[in-house]
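Here's a quick tour of how some helices sit against each other in this one. Have the viewer open as you read.

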Amino acid sequence: MSNPFSQADRTQIAEAMKPILAESVQLYVATQNVHWNVTGPLFQAVHALTEEQYLELAPAIDEIAERIRSLGQKAPGTMAQYMALGSIEDGDENANAEDMVRALKNGHNTIANHIRPLVATAADVNDEVSAGLLTDRLTVHEKAQWMLGAMVAE
Ligand SMILES: [Fe+2]
């Protein structure tokens, strides 16, 4: 194994976490959009679940950003950077409830797919803290996919 957790390793992990920060913010905004604008028979269930999800995302965003700072990089903190770094699309406040739920599920799937390989990358350079944080985030995003998916037909 290479030099444990060199400055180059720290920079590599921090850079890789920046899109995860951006997509967490994008998902936070998209989740609130659904929370506020969902209509129809699913309203109460979706309104409640999305509240749980955005309340969970807010401190996670802070934790990811502070991990990037701990690794020596500036944390992206502008909407322009989030748009450039993240790939989760804005929600549509006029969509029907099922499409809103499917779009959120897709967002959690996208970020999970971006986090998954980084767990191994962080572990490979002995960055157990980032690996742990990313594993925790992956757990949340995989569970969210299940819960959102269970609300709507495939
Ligand atoms: Fe609310």
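This is a predicted model, and we can start on helix α1, which covers residues 7–37 and holds Glu15. Is Glu15 buried or exposed? Glu15 has 12 C-beta neighbours inside 10 Å, so it counts as exposed. Glu15 also pairs up in space with a residue well along the chain: Leu71 is 56 residues away in sequence, yet the two C-alphas are 9.4 Å apart. Right after α2 there's a backbone detail to look at, with Gly72 taking a positive phi of about 100°.

Now for the helices themselves. Here are the lengths of two of them, set beside what you'd expect at 1.5 Å a residue.

| Helix | Residues in helix | First to last C-alpha | Expected span |
|---|---|---|---|
| α2 | 28 residues | 40 Å | 40 Å |
| α5 | 24 residues | 35 Å | 34 Å |

So how do α2 and α5 meet? Their axes come within 12 Å and cross at roughly 165°. That angle is over 145 degrees, which means α2 runs roughly antiparallel to α5. The crossing is left-handed. By class, this contact has 9 nonpolar, 2 polar and 4 charged residues. On the α2 side, the residues taking part include Ala45, Leu49, Glu56 and Arg67, while those from α5 include Ser130, Arg137, Ala144 and Met151.

α5 has another partner in α4. Helix α4 spans residues 97–124 and α5 spans residues 128–151, and the two pack at an angle of about 155° with axes 8 Å apart. These helices are therefore roughly antiparallel to each other as well. By class, the contact of α4 with α5 has 15 nonpolar, 7 polar and 5 charged residues. The crossing of α4 and α5 is left-handed.

What about burial? In α5, the buried residues are Ser130, Leu133, Leu134, Arg137, His141, Ala144 and Leu148. Look at the spacing in that list with one rule of thumb in mind: an α-helix has 3.6 residues a turn, so residues three or four places apart point the same way. Cover for the buried residues of α5 comes from elements including α1, α2 and α4.

In α2, which runs over 43–70, the buried set is Val46, Leu49, Thr50, Gln53, Leu57, Ile64, Arg67 and Ile68. Among the elements covering them are α1, α4 and α5. Some names turn up twice: Val46, Leu49, Gln53 and Arg67 are buried and also meet α5.

Technical notes:
Residues are numbered from 1 along each chain as its sequence is written. This is a predicted model: local features need pLDDT of at least 70, side-chain atom pairs count only at pLDDT 80 or more; totals for chains, interfaces and linings use all residues. Axes are lines fitted to C-alpha atoms, for helices over the stretch in contact, and angles run from 0 to 180 degrees between N-to-C directions. Helices (H or I, at least four residues) and strands (E, at least two) are DSSP runs, numbered from the N terminus. Angles under 35 degrees count as roughly parallel, over 145 as roughly antiparallel, 65 to 115 as roughly perpendicular and the rest as oblique. A crossing is left-handed if the near helix is turned anticlockwise from the far one by less than a right angle, and right-handed if clockwise. Ala, Val, Leu, Ile, Met, Phe, Trp, Tyr, Cys and Pro count as nonpolar, Asp, Glu, Lys and Arg as charged, and the others, Gly among them, as polar. A residue is buried if 20 or more other C-beta atoms lie within 10 Å of its own, exposed if 12 or fewer, and partly exposed in between; C-beta atoms are placed from the backbone. The expected span of a helix is 1.5 Å times one less than its number of residues. Two residues are in contact if their C-beta atoms, placed from the backbone, lie within 7 Å.
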